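Let us walk through this structure together, one part at a time. Take a moment to look at the sequence and the model before reading on.

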Amino acid sequence: MEYGPPPLFNQGVSARARLAFFSFLAVLLIVIDARVNALDTIRIGVGVMLYPLQRALLWPRDALVSTARYLNTVGSLTRENERLREGAAEQAAQVLQDQQLRQENNRLRQLQGLRERTKAKTLTVQVLYEPRDRFTHKLVIDRGSSDGVVAGNPVIDEQGVVGQVTRVFPMVSEVTVLTERDQSIPAEVVRNGLRCVAFGGSEPGTLELRFLAANADVSSGDTIVTSGLDGLYPPGLPVGTIARVERDVKDQFARVIVTPAGGVNTNGVLAVLQVTAAPLAAPPREDTRDDRPGRRSSHR
Amino acid sequence: MKLWRPRRADGETAAAASTGVPRGQPHSQVLRPVSPVFIWITLAAGLALDLLPWGRTPLVPDFLALGLVFWNVHQPRRVGMGAAFLFGLLMDVHDGALFGEHALAYTLLSYGAIALHRRILWFPVISQSLYVLPLLLVAQLASAAVRLWVGGASSNWWVGLVESGVGALLWPLVNWVLLAPQRRPISRDQTRPL
């Protein structure tokens, strides 16, 4: 083929024309995808086609992992079992207390006339793989829209919040972790109930509390949990621990770096909280003031 | 295995040099025609290697990009930018990237390889890696540029550029594996010199 006919014979469309055509098409797709989100049907179609291949290629790793597990000696399993049993015994007291506290809380809330906290349905999912994307940190989990996963659902592990479902395919979905630059989560400091918003940090693998006054009462070691103000993340889920606080005299805001609590072990089992993603209603306008504060809109 | 290795006598090299035949490995002997089935199988294998759950393991090169460069250099009229574009779309869906990001990167990669294919083949395989490295880098930088433009890149994205270096280092191996079916067994028959 290297010794093909000289270029004066027909070679089809020239390479430059094809380059122009395909790069224009690619840029067009990028712009449409980034700005309009109109390509989800095509993406889902390609994803469904690719799914059997993806699953097949996960098999070698899963086989290795299960073989390694099988080769675990009985001794280590017994030890692990003992440890887990001890842990369960320790937690039993807490669980019993927790039930009682929850009932008490519900009664008090009823007395106060507050809306009862809805218990979100959880769906246990397995992390299939982490995409090799260097620019963002995502996880792909093995449940999708056919299992009722909806984009926006919070994802937690046993340590705390991991992130949020950002894209749903029929069989799999993508989870963007909290430490991503574009992610944000309403939070509060456990020690004093200070409300704040945690954003993905500028340093990789960290979170940042922005817009806290330079003299805000935060110090390293404080635990941050979700505040539940957005109506999406249930309140009280651990978000992280403050690693350090930088207070610059020149700056009006403190720079608070938070180490995330969840998502450290990214190849395990996660839970998707299937909250109904009802966004809070927009604050009522002055002329049409509604006398039921905190009402949630049911549309969308 | 020994049967398949191309063996060059000193006289043959000298003759090749004097007659102006490229010294690069693919031209040091006349290759058999490539089987289109083999091309598509290797490209699919490259895609499969990319789909393996590498996670965030460092230094894993983009195998599909290497395969595309190889076939664009060796068979530019069989594998072109259209194939690169379509493979790019598949990678976009798998990686959860913007739709068209890998497609753009692979299109540029493919164009570079096609534009350079006559030149690259004149060099020995090791020197060819030096041409492959900038091609792979341009592809990675293209997708980085897209991310920076759209505004979703983390600050340490440039660490991944090392992967292009690993890919270029793998070029001789890729070359050896993908050209293997086209090499002729050395014939001991004196009446058939090729």
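A good place to begin is where the two chains meet: 41 residues of chain B are in contact with 39 residues of chain A. Here, two residues are in contact if their C-beta atoms, placed from the backbone, lie within 7 Å. On chain B, the elements that give two or more residues to the side touching chain A are α3 (36-51), α5 (81-95), α6 (101-120) and α7 (125-150). With eight residues, α6(B) gives the most to that side. Helices (H or I, at least four residues) and strands (E, at least two) are DSSP runs, numbered from the N terminus. By residue type, this side of chain B divides into 24 nonpolar, twelve polar and five charged residues. In this grouping, Ala, Val, Leu, Ile, Met, Phe, Trp, Tyr, Cys and Pro count as nonpolar, Asp, Glu, Lys and Arg as charged, and the others, Gly among them, as polar.

Before going further, a word on the model: it is predicted, so local features need pLDDT of at least 70 and side-chain atom pairs count only at pLDDT 80 or more, while totals for chains, interfaces and linings use all residues. Residues are numbered from 1 along each chain as its sequence is written, and chains are lettered from A and ligands numbered from 1 in the order in which they are written.

Now look at one place where helices from both chains meet. The axes of helix α2 (residues 40-71) of chain A and α5(B) come within 9 Å and cross at roughly 80 degrees. Axes are lines fitted to C-alpha atoms, for helices over the stretch in contact, and angles run from 0 to 180 degrees between N-to-C directions. The two helices, α2(A) and α5(B), are therefore roughly perpendicular to each other, a label given to angles of 65 to 115 degrees. From α2(A), the residues R43(A), V46(A), G47(A), L50(A) and Q54(A) meet L89(B), L90(B), V93(B) and H94(B) of α5(B). Five of the residues in this contact are nonpolar, three are polar and one is charged.

Turning to chain A itself, you will find three helices and twelve strands. Its domain assignment, which comes from an automatic or database source, gives domain 1 (15-71), domain 2 (77-114) and domain 3 (184-261). The centres of domain 1 and domain 2 of chain A, taken over C-alpha atoms, are separated by 43 Å. Of the 300 residues of chain A, 27% count as buried, meaning that 20 or more other C-beta atoms lie within 10 Å of a residue's own, with C-beta atoms placed from the backbone.

How are the strands of chain A arranged? Six of them close into an antiparallel barrel in the order β1-β2-β5-β4-β3-β12; strands pair if DSSP finds at least two bridges between them. Neighbouring strands of this sheet are turned by 45 degrees against each other on average, direction ignored. Within chain A, β3 (residues 154-156) and β4 (residues 161-168) pair over three bridges in the antiparallel sense, and I156(A) stands opposite V161(A) in β4(A).

Six strands also close into a barrel in the order β6-β7-β8-β11-β10-β9 of chain A, again with antiparallel pairing. In this barrel the twist averages 40 degrees from one strand to the next. Six bridges join β10 (residues 238-246) of chain A to β11 (residues 255-260) of chain A, and the bridge partner of R244(A) in β11(A) is I257(A).

Technical notes
Buried ≥ 20, exposed ≤ 12 C-beta atoms within 10 Å, placed from the backbone. Parallel < 35°, antiparallel > 145°, perpendicular 65-115°, else oblique.
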